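The exercises below ask you to read a fold, its cysteines and its aromatic rings from a model. Try each task on the structure before you turn to the solution.

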Amino acid sequence: MMATVPPFTSEQARLLTRFLSSPQRPKDTLTYPQLAGFLFGLANGPELIPPSEWIPMVFNDQEAQYETKNEAEQVLQAMMALYNDCVRERPKGTISLPPGCEVRLQPMDNLNVDAPLSQWAQGFGMGYDYLAEVWDAYMPEELDEELGALLMTLTFFSSPKLAKAYRKETKGKSTLAQLAASIMEVFPEAMGEYVHLGRSIYQARLEAGDLNHDPASRPKIGRNDPCPCGSGKKFKKCCDLTKGTGSDPVFH
């Protein structure tokens with residue numbers, strides 16, 4: 001199934017950048033790099049979160065203010081492609097940031113507020129935090145330190161304040177600039193390890209039959225109700241996971 005999903009494109013990255021940064025969007029709408037990090041953190045966690053649940057969060061639980069039905073379809077299609085790109089199987093060691101989230105050459109420049117990597121890290125932190133309780137519940141105790149190191153690496157560039165706090169925690173002799181350079185070197189590997197951990201826990205829960213959500217923990221949506229993602233389609237025609245035929249977390 002994964003091979004049949006069209007890859008996320010640079011054109012879609014530009015579309016999302018324009019749409020999400022428009023002044024017409026609700027206050028605190030995620031930027032495109034924040035969205036990319038958010039979906040990476042969410043999609044590779046130990047629990048599958050349906051689009052009907054995460055799409056409203058992109059717009060701070062407010063209306064996205066689509067101008068036309070065609071615009072809504074294009075934006076939602078791009079977001080789905082970005083999500084699917086986050087879970088696409090790749091050869092070991094080739095996980096990378098999507099188009100439009102380029103890393104700046106000088107490590108410290110990635111701490112600037114307008115740096116794509118800084119915003120990606122902010123979004124990643126949001127995605128992880130959303131599933132933090134699930135991570136805590138199912139992460140083997142012997143891997144706690146490993147996960148902590150991965151989280152430090154992947155959120156390091158969120159802000160100068162957080163980066164300085166991490167430097168203080170390491171109690172090393174490295175300067176902030178030296179630590180930033182070290183983080184940059186291991187960043188791709190950390191992305192891969194986060195994916196491996198999250199998917200391993202998800203697969204173990206799947207095999208154990210431990211993926212039944214508490215019905216009271218999520219809002220009930222009728223299959224003929226409008227989909228919460230804002231597409232204008234019925235839930236059963238859009239983000240209803242019950243129509244899936246396999247275990248791969250891929251959406252259409």
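Read along the sequence, the protein follows the pattern α-α-α-α-α-α-α-α-α. This is a predicted model, in which local features need pLDDT of at least 70 and side-chain atom pairs count only at pLDDT 80 or more, while totals for chains, interfaces and linings use all residues. Residues are numbered from 1 along each chain as its sequence is written, and side-chain values use heavy atoms, with hydrogens and water left out.

**Exercise 1. Describe the overall fold and its burial.**

Step one is to count the elements: the protein has 9 helices and 0 strands, where helices (H or I, at least four residues) and strands (E, at least two) are DSSP runs numbered from the N terminus. Step two is burial: of the 252 residues, 47% are buried, buried meaning under 20% relative accessible area with a 1.4 Å probe and protein chains only. Step three is contacts (heavy atoms within 4.5 Å): among those with a separation of 6 or more, 72% join residues 24 or more positions apart.

**Exercise 2. Explain why Cys86 and Cys101 are not bonded to each other.**

Begin with the bond itself: a disulfide is a covalent bond between the sulfur atoms of two cysteines. In a model, the criterion is a pair of cysteine sulfur atoms within 2.5 Å, and a search of the whole structure finds 0 disulfides. For Cys86, the nearest cysteine sulfur is that of Cys101, 9.4 Å away; this distance is too far for a bond. Finally, check the surroundings: Cys86 is buried at a relative accessible area of 10%, and Cys101 is buried at 1%.

**Exercise 3. Place the aromatic rings and the charges over them.**

First, the structure holds 15 aromatic pairs, counted when ring centres of Phe, Tyr and Trp (its six-membered ring) lie within 6.5 Å, with planes under 30 degrees apart called stacked, over 60 edge-to-face and the rest tilted. The centres of Phe19 and Tyr66 are 5.4 Å apart and their planes at 15°, so this pair is stacked. Phe19 lies in helix H1 (residues 10-21) and Tyr66 in the loop between helix H3 (51-58) and helix H4 (69-87), 47 residues apart; both Phe19 and Tyr66 are buried.

Next, Trp54 and Tyr83 are stacked as well, at 5.6 Å centre to centre and 5° between the planes, and they link helix H3 to helix H4 across 29 residues.

Last, consider the charges, which sit over a ring if NZ of Lys or CZ of Arg is within 6 Å of the ring centre and within 35 degrees of the ring normal. The charged end of Arg25 sits over Phe19, 3.8 Å from the ring centre, and Arg205 lies over the face of Tyr138 at 4.1 Å.

Terms used. Buried < 20%, exposed > 50% of the residue type's maximum accessible area, 1.4 Å probe, protein only.
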